[in-house]
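Notebook open, structure about to be loaded. I want to go through the core, the pockets, the salt bridges and a few backbone oddities.

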Amino acid sequence: MSDNNEKTTVAAQGATDYGYVSSSNTAGNVRLIKNYALFLFPKGDSTFVAPTGVAWTPPASKKPIGYSTEDGAVLHPEPGDSTDYKAHNGDIVLSDTDPGYWTLQLAAMEGRKDVVSAYFDVDVESDGGISIKGAGLKKEWILVLVALDQQDRPFLLYGTNSKVSDRDDVSLKSSEIMNFSMTFKMLKGDKGEQFHA
């Protein structure tokens, strides 16, 4: 009797089409960012035109930040704090989580005007000089990252409002390239959004 049951089970399993297991994998959905250009606009820049899709072109006078280190740019989620509310017997009856925020981390290798301005939180003078009065961070930035994948398909990330929240040291020695490693924290835009992609 157990033999018949086993044969029936095997027959039933054999009748099921499991083609979806492998057919659901689509290599075309895998993306490798081969190159990107990141543009920094000071908040309130009159030359900035917001992207409405991937077919965005920067103003003619605007240049990207140039080379970054081989680590590229990293989009990172920073979850909000969670608060658990307990009942009289210790059961968690409600768990509330703050929305958190996103960051974009990068290490710019070229000392361009926008890079230096963002890193040191100052306005760069006409001769390229800077005058540092402190290490605080007050400037706000608009970010537009335009990337191409392995098939030259575009990817665009637009941060409506951001601020440098963290910086690494700048190395001043012969064995390392000087770079400006920064983390931009995405702030909320007019409609509560932190970025568009």
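**Entry: core**

How many residues does the largest nonpolar core have, and which have the most contacts inside it? I looked it up: 22 residues, with L38 and F184 having the most contacts inside the core. The core criterion I used is buried Ala, Val, Leu, Ile, Met, Phe, Trp, Tyr and Cys residues joined through side-chain atoms within 4.5 Å. Buried here is under 20% relative accessible area, exposed is over 50%, and partly exposed sits in between (1.4 Å probe, protein chains only).

Before going on, a note to self: this is a predicted model, where local features need pLDDT of at least 70 and side-chain atom pairs count only at pLDDT 80 or more, while totals for chains, interfaces and linings use all residues. Numbering runs from 1 along each chain as its sequence is written, and side-chain values use heavy atoms, with hydrogens and water left out.

Next I checked which elements give two or more residues to the largest core: strand 1 (33–42), strand 5 (101–108), helix 3 (113–120), strand 6 (141–149), strand 7 (154–167) and strand 8 (180–186). Helices (H or I, at least four residues) and strands (E, at least two) are DSSP runs, numbered from the N terminus. Apart from this core lies another, of eight residues, including F39, F41, I142 and Y158. General reminder: in soluble globular proteins, nonpolar side chains tend to be buried together.

**Entry: F184**

I zoomed in on F184, which lies in strand 8. Is F184 buried or exposed? F184 counts as buried, at 0% relative accessibility. Then I listed its contacts (heavy atoms within 4.5 Å). Leaving out neighbours within four places in sequence, F184 touches L40, W102, T103, L104, L106, A118, W141, L143, S162, K163, V164 and S165. I also took one long distance: the C-alpha atoms of F184 and S82 are 23 Å apart, with their positions 102 residues apart along the chain.

**Entry: pockets**

What I call a pocket comes from a 1 Å grid over the protein atoms alone: an open set of points where a 1.4 Å probe fits, with protein on both sides within 12 Å along at least five of seven lines; lining residues have an atom within 4 Å of a point. Grid points are joined across faces, edges and corners, and the volume is the space filled by probe spheres set on them.

The largest pocket holds about 310 Å³ of space. I count 17 lining residues, and I33, Y36, G72, A73 and L145 lie nearest its centre. Strand 1, strand 2 (74–78) and strand 7 each supply at least two lining residues, and strand 1 gives the most, with four. By class I get 10 nonpolar, five polar and two charged. For the classes, Ala, Val, Leu, Ile, Met, Phe, Trp, Tyr, Cys and Pro count as nonpolar, Asp, Glu, Lys and Arg as charged, and the others, Gly among them, as polar.

The second largest pocket comes to about 230 Å³. Its lining has 15 residues, with T69, D71, A107, D168 and S181 nearest the centre. Strand 5, strand 7 and strand 8 are the elements giving two or more residues to that lining. The split there is four nonpolar, six polar and five charged.

**Entry: salt bridges**

I found six salt bridges in the structure, taking one as a side-chain nitrogen of Lys or Arg within 4 Å of a carboxyl oxygen of Asp or Glu.

K62 and D114 pair up at 2.6 Å, N to O. K62 lies in the loop between strand 1 and strand 2 and D114 in helix 3, so the pair ties together parts that are 52 residues apart in sequence. K62 is buried at 13% relative accessible area, and D114 is buried at 17%.

E110 and R112 form another, with the closest N and O atoms 2.9 Å apart. E110 is partly exposed at 23%, and R112 is partly exposed at 32%.

R153 and D149 come within 2.6 Å, closest N to O. D149 is buried at 1%, whereas R153 is partly exposed at 25%. R31, D149 and R153 are linked in a network of salt bridges.

**Entry: positive phi**

Most residues other than glycine have a negative phi. I looked at two that don't fit that pattern.

D121 has a positive phi of about 60°. D121 is in the loop between helix 3 and strand 6, and is buried at 16%.

D152 has a positive phi near 60°. D152 lies in the loop between strand 6 and strand 7, and is exposed at 58%.
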